[in-house]
Amino acid sequence: MNEPRPAPNRWIPVAAFLFCLSVSVLVWMKAMMDGLNHDEHQFVAPAVLLSHNRLRPYRDFPLFHLPDLTLVLAWLHGVFGHPFFVARAFNVLCASAAVALVFAHAFRSFASSAPWRRFGFACLFGALFLFSPLFIVTSGKAWNHDLPMLLIIAAILLHLRASSGNAAGWIIASGVCVGLAIGTRLTFAPLAAPFFLAIFFLPLPRKKQCALAAMFGAAVIIALVPVWWYLATARDQFLFGNFEFPRLRLLDPSDERAHKTVKLWRKLRFFAKEIIVTNPGVFLAFVLGLPGLWRGWRSRSFESVLFALVIPFLLFGCFAPTRYQYQHFYPVAPVFLMAAACGFAKWPWLRWKGAVVGSIAAVCLFSAVKSARDYSAIKKLAQSDAWVPMEAHALGLKIKTLARPGKVLTFAPIFALEGGMEIYPELATGLFAARLAHLVPEERRRKMHLVAAADLPAFLDADPPKAILLGFEAEESERPLRDYAQAHGFRLAHQRKRQQIWVAPER
């Protein structure tokens with residue numbers, strides 16, 4: 001009697017789990033030790049105002065992005081509290097899942113290879129993403145990059161899955177992911193077009209393709225319901241926050257940087273000098289994968305067609321913002337790596353494949369060594385008091401102990417909210433609204449809930465603060481707040497480096 005043969009490749013699920021667990025721990029600690037970026041205030045504070053104060057974005061306070069992340073973070077804050085910590089933890093989950101999906105896509109792409117080789121390729125592409133500066137700089141912070149990126153990666157995988165059966169279910173799910181990604185960050189809106197067009201390249205009858213395209217479009221529209229609702233209930237404020245405000249800086253003739261960075265040739269130069277050069281592993285893998293992608297395109301492989309359609313629209317979304325920022329190009333890393341994995345699986349010159357993979361692995365190793373400092377926070381895994389969200393919470397509690405109950409005037413609202421204090425909804429976006437408010441006519445400022453420096457004395461006299469928190473923006477930007485504190489008898493109750501807590505005088 002023959003003995004039962006052991007299940008083949010039983011080690012792969014365990015090894016894949018350990019890889020993903022290691023990624024999660026590294027990303028978690030990097031996020032816990034990353035300094036607070038002032039962009040994070042405009043995502044955390046609105047979520048608290050919605051969850052705790054029942055104020056609506058756009059209608060009751062300014063919001064300069066689409067609402068989906070605010071809704072998610074508001075729900076998480078309502079369940080768990082600790083708004084800053086929860087926001088970062090959520091984005092760590094999204095970033096770790098994105099690496100896991102890139103890993104899974106690479107593993108699937110090399111299905112014809114030996115199991116150990118498939119696993120090695122999957123680890124290589126997952127590591128290229130994990131150690132890319134685009135990932136290191138962007139992932140894990142409390143802003144709107146990780147969630148839409150995860151959703152677009154999922155949409156790509158769902159579209160690919162639709163080519164192998166049960167197309168309707170996968171296409172609908174893909175449409176939901178694309179719609180939610182757009183509802184989180186407007187620059188992902190161009191991607192609806194390539195996903196829609198790709199459906200007509202599925203190996204299906206034209207009638208079926210048209211039906212699937214209609215399902216995809218309907219799924220995207222339904223997933224955008226929060227956007228439609230806020231557009232309907234606060235139309236002027238919604239349009240201002242998402243379309244007019246991003247270009248306000250161009251109205252200031254003294255803002256030379258805004259006028260320079262809006263030019264396409266400067267964006268292209270930035271892309272070449274700051275994105276391609278600093279992420280050699282991503283772009284080397286992509287370029288070396290192009291022969292395979294071209295081979296797939298010529299044979300009408302759905303994978304190659306999908307990436308050929310997605311990448312131009314993805315780049316268009318990256319270049320679309322008025323000002324270029326490094327994190328705006330974050331989607332390039334995972335999508336280019338997924339395309340590269342697809343290309344390598346179809347590489348035509350097999351005799352050279354080993355040398356090519358070896359060169360990419362060497363660049364990946366170089367990237368890993370170079371990024372060791374960014375992930376060195378793993379050494380503080382057990383030192384939770386030193387984590388940035390915990391320090392923010394401690395400062396919030398410090399404000400609460402020094403000041404009487406009431407509102408805190410600050411351009412860094414996360415700290416006040418962590419201590420359970422109230423903030424001015426008009427300043428929920430931190431400095432972003434205040435520094436450009438003077439470019440909006442006074443009558444319109446009131447409707448858009450903007451407060452310029454000239455409006456501040458009258459605005460605060462009607463609702464005086466109990467404390468003023470300074471030291472998180474440039475001195476020139478915070479000067480109106482400091483002037484108000486000194487003019488109204490506020491006492492400097494705490495100072496640490498640049499951080500200052502001024503408390504209102506006893507009445």
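**View 1. C210 sits partly exposed in this predicted model.** The relative accessible area of C210 is 39%. That value lies between the 20% limit for buried and the 50% limit for exposed, so C210 counts as partly exposed.

**View 2. C364 is a buried cysteine.** Here the relative accessible area is 7%, under the 20% that defines a buried residue. Which cysteine sulfur is closest to that of C364? It belongs to C123, and the two sulfur atoms are 9.8 Å apart, too far for a bond. A disulfide would need the pair within 2.5 Å. Looking beyond this pair, a search of the whole structure turns up 0 disulfides.

**View 3. The fold of the chain combines 24 helices and 5 strands.** With a radius of gyration of 25 Å, close to the 23 Å that the globule rule gives for 507 residues, the chain is as compact as a globular protein of that length. The C-alpha trace spans about 90 × 50 × 50 Å along its principal axes. Take contacts between residues at least 6 apart in sequence: 72% of them join residues at least 24 apart.

**View 4. Interior and surface of the chain.** How much of the chain counts as buried? The share is 54% of the 507 residues. The accessible surface comes to about 22,600 Å², and carbon and sulfur atoms account for 63% of that area.

**View 5. The chain carries 54 positive and 31 negative charges.** If you average the positions of each kind, the two mean positions lie 13 Å apart.

Technical notes:
Residues numbered from 1 in each chain as written. Predicted model: local features only at pLDDT ≥ 70, side-chain atom pairs only at ≥ 80, totals over all residues. Heavy atoms only, no water. Buried < 20%, exposed > 50% of the residue type's maximum accessible area, 1.4 Å probe, protein only. Helix = DSSP H or I, 4+ residues; strand = E, 2+ residues; numbered from the N terminus. Rg over C-alpha atoms; globule rule 2.2 N^0.38 Å. Contact = heavy atoms within 4.5 Å. Areas by Shrake-Rupley, 256 points an atom, 1.4 Å probe, with all protein chains shown as cover. Lys, Arg positive; Asp, Glu negative; His and termini not counted. Charge placed at Lys NZ, Arg CZ, Asp CG, Glu CD.
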